[in-house]
Amino acid sequence: MYDWIVDHKIPLGSWAKTLVDLLNVHAQTLFDVISLVIGSGINGLTAVLLWFPPLVLVGLFAVGAYLLHRSWALALFTLLALLLVANLGYWQATLETLSLVICSTLVSVVIGIPVGIAAAHRPWLYASLRPILDLMQTIPTFVYLIPTLVLFGLGTVPGLISTVVFSLPAPIRLTHLGLSSVPIQLYEAGKAFGATKRQLLFKVELPYAFPTIMAGVTQCIMLSLSMVVIAALVGADGLGKPVVRALNTVNIAMGFEAGAAIVVLAIVLDRVCKVPSRTRRA
């Protein structure tokens, strides 16, 4: 029986290769356009960030952190953390990583939040999406890195596509969770005042679910940062490159410093993007 099962192997790998080959032959122009648009967007954002003098940009980030949270401690921490990154010599690589994270998070949010809203109002849709979301987060990243590399070529674009695939489930799941947790009494009160479905969504459901949705955005940012090293393996610029270079040359100092820069950037983004809880705001 076991020999029969082994001899009649399901050709999943062959089917996947055939699909990628078909896309590569018949839709290569589309993938070239996507690659050009995404690559230009990331490179343009990086160029804008690099245009500012480092100390000026560090000051702007610190001021922005204070304006968002009205916390001098957070502003001072942001200032010192980014000065540490600049002192280690990874300022340009940090901005390249930041551009990749911003673009991948933006794409994930633009796709994920509307899908999460639709899934919250249609239970059958979320039931259909759940195994796909589980697959996107559990399948090894190198598996879908191969077809993206074949379709989009070497560079930043396959790294961004792989990052989006890995981080997209977070905004979908947490948007669904936030909207599903809206109290029925609040929803019924809105209906009693004659609110339409659109008004209920934008004036009742989304404001209540906003902290949960922002938690999904923050988690999306962290997941994007965790893909920095993976993206560097396919040619993406940023802090992943020195980590890969340090791994290949067994350079402990370079690996530790680049890893410290990634950690510092992750902490700053997490603190700046975090929304205070309702109990704290109350």
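**Ser-104**

I started with Ser-104, which sits in helix H6, residues 91-121. I remembered that I am working from a predicted model here. Is Ser-104 buried or exposed? Its relative accessible area is 0%, so I put Ser-104 down as buried. Then I looked up what Ser-104 touches, leaving aside neighbours within four places in sequence, and found Leu-160, Thr-163, Val-164 and Ser-224.

**The whole chain**

Next I stepped back to the chain. I counted 16 helices and zero strands. Taken along the principal axes, the C-alpha atoms fill a box of roughly 65 × 55 × 40 Å. There are 282 residues, and 40% of them count as buried. I also checked how contacts are spread along the sequence: among those between residues at least 6 apart, 76% join residues at least 24 apart.

**How far to trust the model**

I looked up the confidence before going further. The average pLDDT for the chain is 84, and 97% of the residues score at least 70. Where does the pLDDT fall below 50? I found that over residues 278-282. In the model this stretch has six contacts beyond near neighbours in sequence. Where pLDDT is low, predicted coordinates should not be read in detail, and I left that stretch there.

**Cys-220**

Back to single residues. Cys-220 is in helix H12, which runs over residues 197-226. With a relative accessible area of 0%, Cys-220 is buried. Which residues does Cys-220 touch, not counting those up to four places away in sequence? I noted Thr-105, Ser-108, Ser-167, Ala-170 and Pro-171. I also looked at Cys-220 and Pro-169: they are 51 residues apart along the chain, and their C-alpha atoms are separated by 8.4 Å.

**H10 against H12**

Ala-170 and Pro-171 belong to H10, and that took me to the helix pair. Two packed helices are described by the angle between their axes and the distance between the axes, and I looked up both. H10 covers residues 169-180, and its axis lies 8 Å from that of H12, at an angle of about 160 degrees. That angle makes H10 roughly antiparallel to H12. The crossing of the two is right-handed.

Who makes the contact? From H10 I listed Ala-170, Pro-171, Leu-174, Thr-175, Leu-177, Gly-178 and Leu-179. On the H12 side are Glu-205, Leu-206, Ala-209, Thr-212, Ile-213, Ala-215, Gly-216, Gln-219, Cys-220 and Leu-223. Sorted by class, I get eleven nonpolar, five polar and one charged residues in the contact of H10 with H12.

**H10 against H7**

I then checked how H10 meets H7. Helix H7 spans residues 123-138, and its axis comes within 10 Å of the H10 axis, with a crossing at roughly 145 degrees. What is the handedness of the crossing where H7 passes H10? I noted this one as left-handed.

On the H7 side I found Tyr-126, Arg-130, Leu-133, Asp-134, Met-136 and Gln-137. These meet Pro-169, Ala-170, Ile-172, Arg-173 and His-176 in H10. By class, the contact of H7 with H10 holds six nonpolar, two polar and three charged residues. Ala-170 turned up in my H12 list as well.

**Ala-258**

Ala-258 is in helix H15, residues 252-273. At 0% relative accessibility, I counted Ala-258 as buried. Leaving aside neighbours within four places in sequence, the residues in contact with Ala-258 are Tyr-90, Leu-239, Pro-242 and Val-243. How far apart in space are Ala-258 and Val-182? From C-alpha to C-alpha I got 42 Å, with their places 76 residues apart in sequence.

**Positive phi: Arg-70 and Val-250**

Last, I looked up two backbone angles. Arg-70 has phi near 50 degrees, a positive value in a residue other than glycine. I found Arg-70 in the loop between helix H4 (54-69) and helix H5 (72-88). Its relative accessible area is 58%, so Arg-70 goes down as exposed.

Val-250 is not a glycine either, and its phi is positive at about 55 degrees. Where does Val-250 lie? I placed Val-250 in the loop between helix H14 (240-249) and helix H15. Buried or exposed? Val-250 counts as exposed, because its relative accessibility is 67%.

Technical notes
Residues numbered from 1 in each chain as written. Predicted model: local features only at pLDDT ≥ 70, side-chain atom pairs only at ≥ 80, totals over all residues. Heavy atoms only, no water. Axes fitted to C-alpha atoms, helices over the stretch in contact; angles between N-to-C directions. Helix = DSSP H or I, 4+ residues; strand = E, 2+ residues; numbered from the N terminus. Parallel < 35°, antiparallel > 145°, perpendicular 65-115°, else oblique. Left-handed = near helix turned anticlockwise from the far one by under 90°. Contact = heavy atoms within 4.5 Å. Nonpolar A, V, L, I, M, F, W, Y, C, P; charged D, E, K, R; others polar. Buried < 20%, exposed > 50% of the residue type's maximum accessible area, 1.4 Å probe, protein only. pLDDT = per-residue confidence, 0-100.
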